[in-house]
Amino acid sequence: MAEDAAATGAAPDPMPDKVEQTAATPQDEQPPAPASRAGRNLPAALAVGLTLGLSLIAILLFVPKVFIAVAGLGVGVATWEVTKRLREADVLVPRIPLLVGGQAVFWLGWPWGASGVLGAFAATALVCMVWRLFDHGLDIAPKNFLRDTAIAVFTLSWIPLLAAFSTLLLLEPDGNLRVLTFMILVVCSDVGGYVAGVLFGRHPMVPAISPKKSWEGFCGSLVFSVIGGLLTVTLLLEANSMIGVVLGVGLVAVATIGDLIESQIKRELGIKDMGTLLPGHGGIMDRLDSMLPSAFVSWLVLSALI
């Protein structure tokens, strides 16, 4: 994503003009930085985003397998953030099975591909059900069992399962370039949406869920992402440029949906961000909301068409 200054209470200067200046602008208080139209600390957000982006580019180009460890860490932190927020809202999802099983879902795609991901997902979902059934002992019936286990399986699908497709994408021929392509397109979608939304945004897309999203911003995302798709698929993957158009349009759609899904979840939980780890952005999950479904769609489109 101004408070009025209070009087200092210091003794007044004998000069009248200086008294007026002291009352209007206290020396011991600084005026707050103006908020951007995005509701975020824009310099901090740009600095963090640039640092993360350059780091991931370097990893993917020079030590691509390290990306799995970095992404796995991000999945773990995002899962922790979401389960913490859910439990604060008295939704008792099984945190330990989700953290441990979520890592299994993500990592087992490396040695065993989609079969490893699917097997780990099914096993973790079953463990979550059993864990929640008996987490208060054998002689106490759990409350809200159906709600809590359903949300646990949703969380498992939302974060580790969707993230696992980035591992599957990385393991394909030129996988590091495929991962880099989808990440560039998500950034293009974010930047295009922000620029067009700030400059031209007049018509809200879904004001009941995310009041700042506009149709003008969505069009900006489409333009930037399609151009990014044409360039990256042609230059990085050396494939048919029309695949870049398909990928660009698809990623704008799912990235927007992913952002709206998290916005609605945060709205229901009554929070602004999932975490506070990244200045100007919120938590890790607040950065992954559009990346996660994009990883799946990128794997689907690139595996089918290239």
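Helices (H or I, at least four residues) and strands (E, at least two) are DSSP runs, numbered from the N terminus. The model described here is predicted, so local features need pLDDT of at least 70 and side-chain atom pairs count only at pLDDT 80 or more, while totals for chains, interfaces and linings use all residues. Residues are numbered from 1 along each chain as its sequence is written, and side-chain values use heavy atoms, with hydrogens and water left out.

**Two buried residues**

S298 lies in helix α11, which covers residues 291-305. With a relative accessible area of 0%, S298 is buried. Buried means under 20% relative accessible area, exposed means over 50%, and partly exposed is in between, for a 1.4 Å probe and protein chains only. Contact means heavy atoms within 4.5 Å. Not counting residues up to four places away in sequence, S298 touches L169, F182, L247, L251 and S303.

L156 is found in helix α6, residues 145-170. L156 has a relative accessible area of 1% and is buried. Its contacts, leaving aside neighbours within four places in sequence, are L98, G102, V105, F121, T124, A125 and L161. In sequence, L156 and L98 are 58 residues apart, but from C-alpha to C-alpha they are 6.6 Å apart in space.

**Two helix pairs**

Two packed helices are described by the angle between their axes and the distance between the axes. Axes are lines fitted to C-alpha atoms, for helices over the stretch in contact, and angles run from 0 to 180 degrees between N-to-C directions.

The axes of α6 and helix α7 (residues 175-200) come within 7 Å and cross at roughly 140°. This makes α6 oblique to α7. Angles under 35 degrees count as roughly parallel, over 145 as roughly antiparallel, 65 to 115 as roughly perpendicular and the rest as oblique. On the α6 side the contact is made by S166, L169 and L170, and on the α7 side by G175, N176, R178, V179 and F182. These residues divide into four nonpolar, three polar and one charged. Here Ala, Val, Leu, Ile, Met, Phe, Trp, Tyr, Cys and Pro count as nonpolar, Asp, Glu, Lys and Arg as charged, and the others, Gly among them, as polar.

Helix α8 (residues 215-235) and helix α9 (residues 241-269) have axes that come within 7 Å and cross at roughly 140°. Helix α8 is therefore oblique to α9. The crossing of α8 and α9 is right-handed, that is, the near helix is turned clockwise from the far one by less than a right angle, whereas anticlockwise would be left-handed. Residues of α8 in the contact include F218, L222 and L230, and those of α9 include M242, L247 and V252. By class, the contact of α8 with α9 has 11 nonpolar, eight polar and no charged residues.

**Helix α3 and positive phi values**

Helix α3 (residues 66-88) has 23 residues and spans 33 Å from its first C-alpha to its last, close to the 33 Å expected at 1.5 Å a residue. The expected span is 1.5 Å times one less than the number of residues. Just after α3, D90 has a positive phi, as listed below with two loop residues.

| Residue | Place | Phi |
|---|---|---|
| D90 | just after α3 | about 70° |
| N144 | loop between α5 (109-134) and α6 | near 55° |
| E238 | loop between α8 and α9 | about 55° |

N144, at 44% relative accessibility, counts as partly exposed. E238, at 71% relative accessibility, counts as exposed.
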